[in-house]
Amino acid sequence: MKLDSKIPGGPLAEKWSKHKFNVKLVNPANKRKYDIIVVGTGLAGASAAASFGELGYNVKAFCFQDSPRRAHSIAAQGGINAAKNYQNDGDSVFRLFYDTIKGGDYRSREGNVYRLAEVSVDIIDQCVAQGVPFAREYGGLLANRSFGGAQVSRTFYAKGQTGQQLLLGAYSALSRQVSNGKVKLHAREEMIDLVMKDGKAVGIITRNLVTGKIESHSAHAVVLATGGYGNVFFLSTNAMGSNVTAAWRAHKKGALFANPCFTQIHPTCIPVSGDHQSKLTLMSESLRNDGRVWVPKSKEDAEKIRKGELKPTDLPEDKRDYYLEERYPSFGNLVPRDVASRNAKNVCDEGRGVAKTGLAVYLDFADAIKRDSRKVIESKYGNLFDMYQQITGENPYETPMMIYPAVHYTMGGLWVDYNLMTNIPGLYAIGEANFSDHGANRLGASALMQGLADGYFVIPYTIGDYLATLPYEKVSSDDEVFKQAENDIEEKIQKLLSIKGEKTVDDFHKALGHIMWEYCGMSRNEEGLKKAKQEIKKLKEEFWQNVNVIGGNDELNQSLEKANRVADFLELGELMIDDALDRSESCGGHFREESQTEEGEAKRKDDEFSYVSAWEYQGENAEEVLHKEDLVFENVKLTQRSYK
Amino acid sequence: MRITLKVWRQKNTQDKGNFKTYKLDNISPDMSFLEMFDVLNEQLVRQGEDPVHFDHDCREGICGMCSLYINGKPHGPKQTTTCQLHMRSFNDGDTITVEPWRATAFPVLKDLVVDRTSFDRVIQAGGYISINTGGVPDANEIPIPKKDADKAMDAAACIGCGACVAACKNASAMLFVSAKISQFSLLPQGQTERKTRAEKMIAQMDSEGFGACTNTGACSAECPKEISLTNIARMNREYFTAKVGSDNV
Ligand SMILES: Cc1cc2nc3c(=O)[nH]c(=O)nc-3n(C[C@H](O)[C@H](O)[C@H](O)COP(=O)(O)OP(=O)(O)OC[C@H]3O[C@@H](n4cnc5c(N)ncnc54)[C@H](O)[C@@H]3O)c2cc1C
Ligand code: SF4
Ligand code: FES
């Protein structure tokens, strides 16, 4: 299979304008003759569905929550990047492009990333016009903060609730199209299969989560905006319902899955407190602007702190190791996420971790409070501090916060070309669900940017290029292909319900998460990965013989919903391992112990691995086939990332 | 900790429903309230019984999906969301009663899960600024006094959970609706449609079967995002001005 990224030729800065001019257009009066399905109503899905509706297309929008406003984008705290250069500190489209390519450790496409930086400025304009209440300065203009991996202030924010406000903006635009009759909402309806005819995507099969009804929906094009798959690790900062099902079922129908092993482990999360833990809570990375990361210099002091014999506030300065400031003087506490996470793991592995478990480091605001006053810190991070106190029972104004890395974001996802179309004609993937812009590591505040860029400013143009080639008549949902797909799904559900084994769905999900975290987490090696692969295979087999799913299909059945999702996670987990095994270099969030510098930093191998891995499904229990898309760099020079 | 739970079980909207009692030992005070429910549900599944259904997603207090009425209070004893409530807020040996939100506009779907799509329809009636994607002015061409932006942000912080409705003896949705109307009426971008927005959203709210507001303030007292009652006063002013100057009288 030849992978064509369809990156337009010509100078970097002109590619997108040229492409926009060259794509086929659908005449305004004809747009109403085309139907588009959008699965997902997060930033990517809601913005796309609203924009399609405004253009005149007929849209069906799906989400599994009870309302589109609850998509997981709502939880993003820190902010959204844009190359506005409002601060006059030397930012530009090229700099945002450069930071993103470098931050992604040179494993993304120049053309896509440049376009992302280019449209970033339009996003902010759009959101302000919608009434998104971004933070402002006293003069009435927009405020910015800085974020990890960048030396300029380009992050726009709305208190610690940026994702919420951006999503509510997109949701309001979506709601307007619902009231105009251009978008039909299907909340509490989960996509469980993709339907194809003659090699093209023609619709989806869904399960109505309230009644259990299996339904067919046909359209001219299908857009997946279903978010990331971090929950394969069981514990992550994702919402409980976040899942890979839509993307995975599309993969099983032929869509290539790209870079599945590229996972982002976020450095600032609240540490695990016990076995009952159901999810992990992120403390926004923006906290690293003012908080200082440290652990005790000696193991002995760390041990005393763990036992509660010594208070961190009583440990004198010269006995503390501000290891990020020490090792990376120019970026200090603001090094990219993968670097910050790995360093936290290292100091804990050395026995210098804090908290009862020894799996935590401090994030200390004492100096910032002294410098700026408690009031200033409260106005910046008040809600985050409250949340921390709520969860841990400790007051971060008085004692340093404790943090530890946790799975947060998945850079991998469905392979797409420059038009955001997968290798299946008519099937698109946008937002976190695709693999496109972040390479091997995503910089903070750039997922929100990408979701909205894809949804507001890219796909509304590029989808026309495909639709313009289609007849107005679509494949009917009574067609044989839909009937067949419905039958397959019903069979699969009946199988799940009939096993009636000994273990709960969560038992399997936790076991899978444990394997993934242990062997495919912050650092990976060949031996561990091979072992993990065998363990996952065994677990998968056991799942299909021994899981207990209560109840029937024709009702609201949360056990069944979970079982469906975990079945897919088990298969995805194995592919992640395959991908991590293939890539025997370290890059971004993927740290292969076999490939490090003498100082223990990640070592890329550009000669061998400057490619996107795109995996093709081959059937139940068959090994997937790897296709490689070579990455070409014409505008940046590949260097080993250094944040020293 | 040992806990006795009295939980509302109802198979579907048609079923009458009733309370069932469950006993749990070994609950850690560090667990969240929903994690305590996870423990109960794992136990029920192992016994082959249908787990208790409840809505939840982010478990970070921001998506607004969780919705339990705990010991007579929406989201329980603290002014936070159910997912952010921890067992350390209860005592060893407590009996805790858990019910769904109760309101005509929020029918029960199963156990503790209710249908809140009425909220979506209120927003669809006018909770937006009517602009299309693209062709908007540069963001900094609309300066907004920090004070107004901050107030708009406070109103916009509503998570649409519905606790205000559950807390109100009339099941009024005034706090939720007024938060959205306030956000836009405080911002220059919201001025053009100011009048019609208030009229349309309030008309939709009434048609969904939410009750009248009798100013008891229970909504704001239980709101996990501390949405203030001044929003209701502002909405009433908006509505009054709208009616006086309306083309639709
Ligand atoms: C705690 C947290 C904080 C973050 N903070 C930031 C930040 O400060 N800045 C930043 O840039 N990024 C941040 N991120 C990352 C960012 O929020 C996400 O990557 C981004 O919001 C994803 O948006 P999305 O639209 O792709 O998907 P989501 O918002 O996850 O939406 C997925 C949608 O798909 C639907 N869906 C999924 N599967 C199905 C199915 N099978 N059938 C039907 N519907 C389905 C869901 O219902 C939902 O509507 C954060 C992430 C987390 C977890
Ligand atoms: S006003 Fe408060 S209680 Fe009501 S929906 Fe909004 S956040 Fe929930
Ligand atoms: S689960 Fe999201 S607010 Fe409680």
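Here are a few notes on the ligand site, the aromatic contacts and two backbone oddities in this predicted model.

1. Start with where the ligand is. Ligand 1 sits between chains A and B. Its surroundings come to 39 residues, and the closest of them are A:Gln65, A:His72, A:Ser73, A:Met191 and A:Glu432. By type, that shell splits into 17 nonpolar, 17 polar and 5 charged residues.

2. On to the polar contacts, which are worth a look if you plan to check the pose. The side chain of A:Ser73 puts an N or O atom 2.5 Å from an oxygen of ligand 1. A:Thr41 works through its backbone instead, with an N or O atom 2.8 Å from a ligand oxygen. For A:Gln77, a polar backbone atom is 3.4 Å from a nitrogen of ligand 1. As for cover, ligand 1 on its own has 1000 Å² of accessible area, and the protein covers 97% of that.

3. Which elements give two or more residues to the shell around ligand 1? In chain A they are helix 2 (43–55), strand 6 (189–197), strand 15 (401–410) and helix 12 (447–467). Strand 6 of chain A gives the most, with 3 residues.

4. Now the aromatics: the count over all chains is 29 pairs. Take A:Trp294 and A:Tyr362, whose ring centres are 4.7 Å apart. Why is this pair called tilted? Its planes meet at 40 degrees, and stacked pairs need under 30 while edge-to-face pairs need over 60, so tilted is what remains. The two residues bring together distant parts of the chain: A:Trp294 belongs to strand 12 (residues 292–296) and A:Tyr362 to strand 14 (residues 361–364) of chain A, with their positions 68 residues apart. Buried or exposed? A:Trp294 is buried at 0% relative accessible area, and A:Tyr362 is buried as well, at 2%.

5. A second tilted pair is A:Phe365 with A:Tyr381, with ring centres 6.0 Å apart and planes at 55 degrees. A:Phe365 is in the loop between strand 14 and helix 10 (366–372) of chain A, and A:Tyr381 is in helix 11 (residues 374–392), so the pair ties together parts 16 residues apart in sequence. Both A:Phe365 and A:Tyr381 are buried. They also belong to one aromatic cluster, together with A:Phe385 and A:Tyr397.

6. Two arginines sit over rings, if you care about cation–ring geometry. A:Arg292 lies over the face of A:Tyr322, 3.8 Å from the ring centre. The charged end of A:Arg565 is over the ring of A:Phe64, at 4.8 Å from its centre.

7. Last, some backbone angles to eyeball. Most residues other than glycine have a negative phi. A:Tyr106 has a positive phi, near 55 degrees. A:Tyr106 is in the loop between helix 3 (93–103) and helix 4 (110–130) of chain A, and its relative accessible area of 0% makes it buried. A:Asn621 also has a positive phi, about 60 degrees, without being a glycine. That residue is in the loop between strand 18 (611–616) and strand 19 (625–630) of chain A. Unlike A:Tyr106, which is buried, A:Asn621 is exposed, with a relative accessible area of 64%.

Definitions and conventions:
Residues are numbered from 1 along each chain as its sequence is written. Chains are lettered from A and ligands numbered from 1 in the order in which they are written. This is a predicted model: local features need pLDDT of at least 70, side-chain atom pairs count only at pLDDT 80 or more; totals for chains, interfaces and linings use all residues. Side-chain values use heavy atoms; hydrogens and water are left out. A residue is near a molecule or strand if one of its heavy atoms lies within 4 Å of it. A polar contact is a pair of N or O atoms within 3.5 Å; within protein, one must be able to donate a hydrogen and the other to accept it, and residues adjacent in sequence count only if both atoms are side-chain atoms. Accessible areas come from the Shrake-Rupley method with a 1.4 Å probe; for residues, only the protein chains shown count as cover. Helices (H or I, at least four residues) and strands (E, at least two) are DSSP runs, numbered from the N terminus. Ala, Val, Leu, Ile, Met, Phe, Trp, Tyr, Cys and Pro count as nonpolar, Asp, Glu, Lys and Arg as charged, and the others, Gly among them, as polar. Rings of Phe, Tyr and Trp (its six-membered ring) pair if their centres lie within 6.5 Å; planes under 30 degrees apart count as stacked, over 60 as edge-to-face and the rest as tilted. Buried means under 20% relative accessible area, exposed over 50%, partly exposed in between (1.4 Å probe, protein chains only). A charge sits over a ring if NZ of Lys or CZ of Arg is within 6 Å of the ring centre and within 35 degrees of the ring normal.
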